[in-house]
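Please open the structure in a viewer and keep the selection tool at hand. The tour proceeds by selections, each followed by a short account of what is found there.

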Amino acid sequence: MFTYSVILVDDEQAAHYAMQSLFRKYDEINLIGQAYNGRQAIEKINSLRPDLIFLDIQMPDMNGFEVLKHLAYQPILYFVQPMTSMQ
């Protein structure tokens, strides 16, 4: 079975908890890193080179699209919706 390495990027702690809970249900997902802002995301993504990124678009220091401009390669990308707008 293939396992996907994943990095989760979101500025909301609640989103991290929710996504971690979801990831635990799937043996194919290996969460290798987390970031809470754009600068952390760029550093972790470029150094750990995950297969997948779950990326929040709206973050305080830079948005998800700005993060993408600084990546050294192109992983599979999923945009996540802020938890506050899901209510």
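The stops below begin with a helix and end at the surface. Please bear in mind throughout that this is a predicted model.

**First stop: helix α2**

Select residues 38-48, which form helix α2. Within this helix, colour Gly38, Ala41, Ile42 and Ile45, the buried residues. Viewed down the axis of α2, these buried residues fall within an arc of 100°, so they line one face of the helix. Now colour Arg39, Glu43 and Ser47: these are exposed and lie on the other side of α2.

What should be displayed to see the cover over the buried residues of α2? The cover includes the strands β1 (4-9), β2 (29-35) and β3 (52-56), together with helix α3 (64-69).

**Second stop: the two ends of α2**

Select Asn37 and Arg39. Asn37 caps the N-terminal end of α2, with a side-chain oxygen 3.1 Å from the backbone nitrogen of Arg39. Then move to Arg49, just after α2, where the backbone takes a positive phi of about 45°.

**Third stop: Met62**

Select Met62, in the loop between β3 and α3. Is this residue buried or exposed? Met62 has a relative accessibility of 9% and therefore counts as buried, the limit for that class being under 20%. Beyond its neighbours within four places in sequence, Met62 is in contact with Gly38, Arg39, Ile42 and Val67. Gly38 and Ile42 were already coloured as buried residues of α2, whereas Arg39 was coloured as exposed. For a distance, pick the C-alpha atoms of Met62 and Gln74: the two residues are twelve apart in sequence and 19 Å apart in space.

**Fourth stop: Phe79 in strand β4**

Select residues 76-80, which make up strand β4, and within this strand pick Phe79. Phe79 counts as partly exposed, because its relative accessibility is 36%. Which residues does Phe79 touch, not counting those up to four places away in sequence? They are Leu55, Ile57, Phe65 and Leu68. Ile57 is 22 residues from Phe79 in sequence, yet the C-alpha atoms of the two are 6.6 Å apart.

**Last stop: a nonpolar patch**

Remain in strand β4 and select Tyr78. This residue is partly exposed, with a relative accessible area of 42%. Add Phe2, Tyr4 and Ile76 to the selection and show the surface: with Tyr78, they make a nonpolar surface patch of about 420 Å².

Methods. Residues are numbered from 1 along each chain as its sequence is written. This is a predicted model: local features need pLDDT of at least 70, side-chain atom pairs count only at pLDDT 80 or more; totals for chains, interfaces and linings use all residues. Side-chain values use heavy atoms; hydrogens and water are left out. Patches are made of residues with over 30% relative accessible area and no salt bridge: like charges are joined within 9 Å, nonpolar side chains (Val, Leu, Ile, Met, Phe, Trp, Tyr) within 5 Å. Accessible areas come from the Shrake-Rupley method with a 1.4 Å probe; for residues, only the protein chains shown count as cover. A salt bridge is a side-chain nitrogen of Lys or Arg within 4 Å of a carboxyl oxygen of Asp or Glu. Helices (H or I, at least four residues) and strands (E, at least two) are DSSP runs, numbered from the N terminus. Buried means under 20% relative accessible area, exposed over 50%, partly exposed in between (1.4 Å probe, protein chains only). The arc is that of the directions from the helix axis to the C-beta atoms. Contact means heavy atoms within 4.5 Å. A polar contact is a pair of N or O atoms within 3.5 Å; within protein, one must be able to donate a hydrogen and the other to accept it, and residues adjacent in sequence count only if both atoms are side-chain atoms.
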